[in-house]
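Open the structure in your viewer and have the selection tool ready. The tour goes residue by residue.

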Amino acid sequence: MIPVTTLKDRKVALFGLGGSGFATARALISGGAEVTAWDDNPDSVAKAAAEGITTEDLHNIDWSQQALFVLSPGVPLTHPKPHWTVDLARAAGVDIVGDVELFVRERRAHAPDCPFIAITGTNGKSTTTALIAHILKSAGYDTQLGGNIGTAVLTLDPPKAERYYVVECSSYQIDLAPTLDPSAGILLNLTPDHLDRHGTMQHYADIKERLVAGSDVAIVGVDDSLSALIADRVERAGVKVVRISRRNVLADGIYAEGTKLIQAAGGAMLPFADLDGIQTLRGSHNAQNAAAAVAGCLAVGISADDIRAGLASFPGLKHRMQPVGQRGRVVFVNDSKATNADAAAPALSSYDRIYWIAGGLPKAGGITTLAPYFPRIAKAYLIGEAAAEFAATLGEAVPYEISDTLERAVAHAAADAERDESAASAVMLSPACASFDQYKNFEVRGEAFVGHVAALDGMTMLIGPATGEK
């Protein structure tokens, strides 16, 4: 835990008692703050009170006495309208922040020079975050991984010299971190997302820009126009900018040329690494993620050799294009995190012959946008509520069966792939659907897939079936 010492003996109001909210309340109390917490869910309030956290309806507190208001990132700050607590805090002139802001204040207070890499972007940020942390850990550095990737940042070990922090930041977290100041800030890309919470694409982009604008080194993917403009603006403001691209040759920066990563400086192009053969970094989207990780690690002083070694040994992000088993020429890929068509596209674009397990609780639009990848699909195995809808979309373009259950789909796909005389193929769970018709969440669905794969005869597992770790 990181005790929030910068608010010692001061009154702090807190709203939102989910996982990160509880962690924040504990960190504030541990640092000596006087916390008053609340949530719209009575069960969460009761749980906090049972832990000894002071709870009170924030309608009833004296806001003039509050030094700060800490808001959980899942609670609306601006759109579709500010949460009622936000209105009360603003009326009283109380600053509104989130847990990432508390972390950066503690870092500045206790170890301002400890390396801190922050990562954001519409797509790829979790993989990039995990890859950077893996490179650092593999090289023997004291590495703390957290933020939006699933570990609340204030549950990490306290800042100290030579402790490296790798923090994934959502737009919600950046919006609540006005003094975010990483050693290296990474903006991967921008496409429309979360506009229900940000109102317009421009507002969404403006929030993302703050992460790189406050960085010592700004690493920006320039393959979309909004991000390219951000790179130019931040550079004009005096920040050192490293551009990355998966599509275009750069005179300065790091770009992908097929599976090769090229480091360019002053027009000179030098090969840095080749991702060919690294199963967990297949596809052009992962080339961009790898380029960002390389730039981020170089920015905080990691050697090129250590970076290359970390790339080669990356086990992949759990449930995201994760090779989990191998049988003969067939690799089994867990992409359970692909809960809509756009999220499934990178995996489908990364393999040439696929036995595709898809379905679940369908999202608007179904899988029509995946039609360009249908020629790669040897056969589809459809499960869950979406099975009939997906079958109608596939029509005569792709052979399919309605398997109904994941267990049956894995067994049938594995048998068909084994009979395939092609040089190589993939049995892939990339559902393009939510999981809630059959599973609690995509993680549980992914673990079920791993378990069914592990139960097949003659399987060489690439990860542990219980943990998903290499």
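Start at Asp420, in the loop that runs between α14 (406-419) and β19 (425-429). Keep in mind that the model is predicted. Is Asp420 buried or exposed? The relative accessible area is 8%. The cut-off for buried is under 20%, so Asp420 counts as buried. Now show its contacts. Beyond the residues up to four places away in sequence, Asp420 touches Arg329, Arg353 and Tyr355.

Next, select the annotated stretch. An unreviewed UniProt entry carries a "binding site" annotation that covers Gly121, Thr122, Asn123, Gly124, Lys125, Ser126 and Thr127. Two of its residues get a stop here: Asn123 and Thr127.

Take Asn123. Where does Asn123 lie? Look in the loop between β5 (116-120) and α5 (125-138). The relative accessible area of Asn123 is 43%. Partly exposed covers the range between 20% and 50%, so Asn123 is partly exposed. Display its partners: Leu188, Asn189 and Thr191 are in contact with Asn123, leaving aside neighbours within four places in sequence.

Move on to Thr127, which sits in helix α5. Colour by accessibility here. Thr127 has a relative accessible area of 9%; that is under 20%, so Thr127 is buried. Which residues does Thr127 contact, its neighbours within four places in sequence aside? Select Asn286, Asn289, Phe314, Leu317 and Arg320.

To finish, show both annotated stops together. Asn123 is partly exposed, whereas Thr127 is buried. Then add Asp420, which is buried as well, at 8%.

Key: Residues numbered from 1 in each chain as written. Predicted model: local features only at pLDDT ≥ 70, side-chain atom pairs only at ≥ 80, totals over all residues. Heavy atoms only, no water. Helix = DSSP H or I, 4+ residues; strand = E, 2+ residues; numbered from the N terminus. Buried < 20%, exposed > 50% of the residue type's maximum accessible area, 1.4 Å probe, protein only. Contact = heavy atoms within 4.5 Å. UniProt positions renumbered as here; feature names shortened; annotations may be inferred.
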